[in-house]
Amino acid sequence: VVLPEAPKVDEEKPGEIVVPKPVDPNPKPTPAPSLERIVDDFMDTQIAGLNAGMTAYATLGDLNKATNKIVCTIKVGTTTVSEVALGIKGTILAAVSSETAKTYLTKITMGQGTLQLGEPLDAEVILNFVRGAALKDGAGNPVSGTTTIDKLVGTTITATVYDKNGYSYNYEITFVNA
């Protein structure tokens with residue numbers, strides 16, 4: 001331990017001597033801060049955008065920031081997963097290509113699917129991410145493009161968002177009937 005300077009008289013309190021605190025010659029680095037607020041704001045923005053693309057057949061509720069849970073209410077269960085994907089692929093592509101995603105996020109995972117941010121992204125990359133997620137319907141069967149979204153009722157999927165400071169945030173989306 002090294003003293004930064006010799007003791008001196010306190011100028012505000014004459015007669016008192018101030019002894020400097022020892023300085024650690026090997027200070028430990030301060031851990032990088034969590035970016036949870038930024039990630040939550042990012043998720044809120046994406047929920048609004050996704051709702052605009054699928055409002056005719058399903059709606060995402062607000063993100064519950066205490067539990068990181070989102071409820072997806074299915075309004076027209078005969079809609080196929082492919083129809084939903086077509087309606088929201090532009091929103092997803094814009095989200096993961098946004099300045100917020102580029103600045104603060106590194107990747108998003110869902111099941112076995114990983115979307116590596118900062119790499120070139122297009123609709124095919126998004127589609128492969130969703131396929132890699134290996135989603136299952138309420139009966140445990142693999143979800144495909146022809147699966148109707150009513151088959152998702154009662155299921156929950158978890159998406160994990162990773163920030164550039166090494167933190168991860170799990171978001172659960174549960175599907176319910178209207």
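# Exercises on a predicted model

L60 is a good place to begin: leaving aside residues up to four places away in sequence, this residue touches I47, L50, N51, M54, I70, V71, C72 and I173. The model is predicted, so please treat the exercises below as readings of a computed structure.

## Exercise 1: the nonpolar core

Task: find which residues of the largest nonpolar core touch the most other members, and which elements supply the core.

Solution.

Step 1. Start with the membership. The largest nonpolar core has 38 residues, and those touching the most other members are M54, L60, L115, L117 and I149.

Step 2. Assign the core to elements. At least two core residues come from each of α1 (36–54), β3 (58–60), β4 (69–74), α2 (81–96), β5 (105–110), α4 (123–132), β7 (156–163) and β8 (168–177).

Step 3. Look for the main contributor. Helix α1 gives the largest share, seven residues.

Step 4. Return to L60. Its contacts include M54, and both L60 and M54 are among the residues that touch the most other core members.

As background, nonpolar side chains in soluble globular proteins tend to be buried together.

## Exercise 2: the sheet

Task: work out the strand order of the open sheet, then explain why β3 and β6 each have one side without a neighbour.

Solution.

Step 1. Write down the order. Six strands form an open sheet, arranged β3-β4-β8-β7-β5-β6 with mixed pairing.

Step 2. Go to the ends. Because β3 and β6 (113–116) are at the edges and have a single partner strand each, one side of each lacks a neighbour in the sheet.

Step 3. Add the twist. On average, neighbouring strands are turned by 20° against each other, with direction ignored.

Step 4. Place a helix on the sheet. α4 packs there and touches β5 and β6, and its direction makes about 150° with that of β6.

## Exercise 3: pairing inside the sheet

Task: for β4 with β8, β7 with β8 and β5 with β7, decide whether the pairing is parallel or antiparallel.

Solution.

Step 1. Take β4 and β8. These strands run parallel and are joined by six bridges. Within this part of the sheet, K69 is opposite E172 in β8.

Step 2. Take β7 and β8. Seven bridges hold this pair in the antiparallel sense. The two strands form a hairpin with four residues between them, and G166 in the turn has a positive phi of about 95°.

Step 3. Take β5 and β7. Their pairing is antiparallel, over five bridges.

Step 4. Follow one residue across. V161 in β7 stands opposite I108, and the bridge partner of V161 in β8 is Y169.

## Exercise 4: salt bridges

Task: trace the network that links R37, D41, D44 and K65, and say how the pairs sit along the chain.

Solution.

Step 1. Get the total. The model has five salt bridges, counted with a cut-off of 4 Å between nitrogen and oxygen.

Step 2. Examine R37 and D41. Their closest N and O atoms are 3.2 Å apart. The two residues are four residues apart in helix α1, so about one helical turn separates them. R37 counts as exposed because its relative accessibility is 58%, whereas D41, at 34%, counts as partly exposed.

Step 3. Examine D44 and K65. This salt bridge has an N to O distance of 2.8 Å. D44 belongs to helix α1 and K65 to the loop between β3 and β4, so the pair ties together parts 21 residues apart in sequence. Both are partly exposed, with relative accessibilities of 28% for D44 and 42% for K65.

Step 4. Assemble the pieces. R37, D41, D44 and K65 are linked in a network of salt bridges.

Step 5. Check one more pair. D150 and K151 form a salt bridge at 3.9 Å, N to O, which falls within the 4 Å cut-off. D150 is partly exposed at 35%, and K151 is partly exposed at 41%.

## Exercise 5: a loop residue

Task: locate A133, and decide whether this residue is buried or exposed.

Solution.

Step 1. Locate the residue. A133 is in the loop between α4 and β7.

Step 2. Apply the cut-off. Buried means under 20% relative accessible area, and A133 has 7%, so A133 is buried.

Step 3. List the contacts. Beyond residues up to four places away in sequence, A133 touches M110, G111, Q112 and G113.

Step 4. Compare sequence and space. A133 and G111 are 22 residues apart along the chain, with 4.3 Å between their C-alpha atoms.

How values were computed: Residues numbered from 1 in each chain as written. Predicted model: local features only at pLDDT ≥ 70, side-chain atom pairs only at ≥ 80, totals over all residues. Heavy atoms only, no water. Core = buried A, V, L, I, M, F, W, Y, C linked by side-chain atoms within 4.5 Å. Buried < 20%, exposed > 50% of the residue type's maximum accessible area, 1.4 Å probe, protein only. Contact = heavy atoms within 4.5 Å. Pairing = 2+ DSSP bridges. Axes fitted to C-alpha atoms, helices over the stretch in contact; angles between N-to-C directions. Salt bridge = Lys/Arg side-chain N within 4 Å of Asp/Glu carboxyl O.
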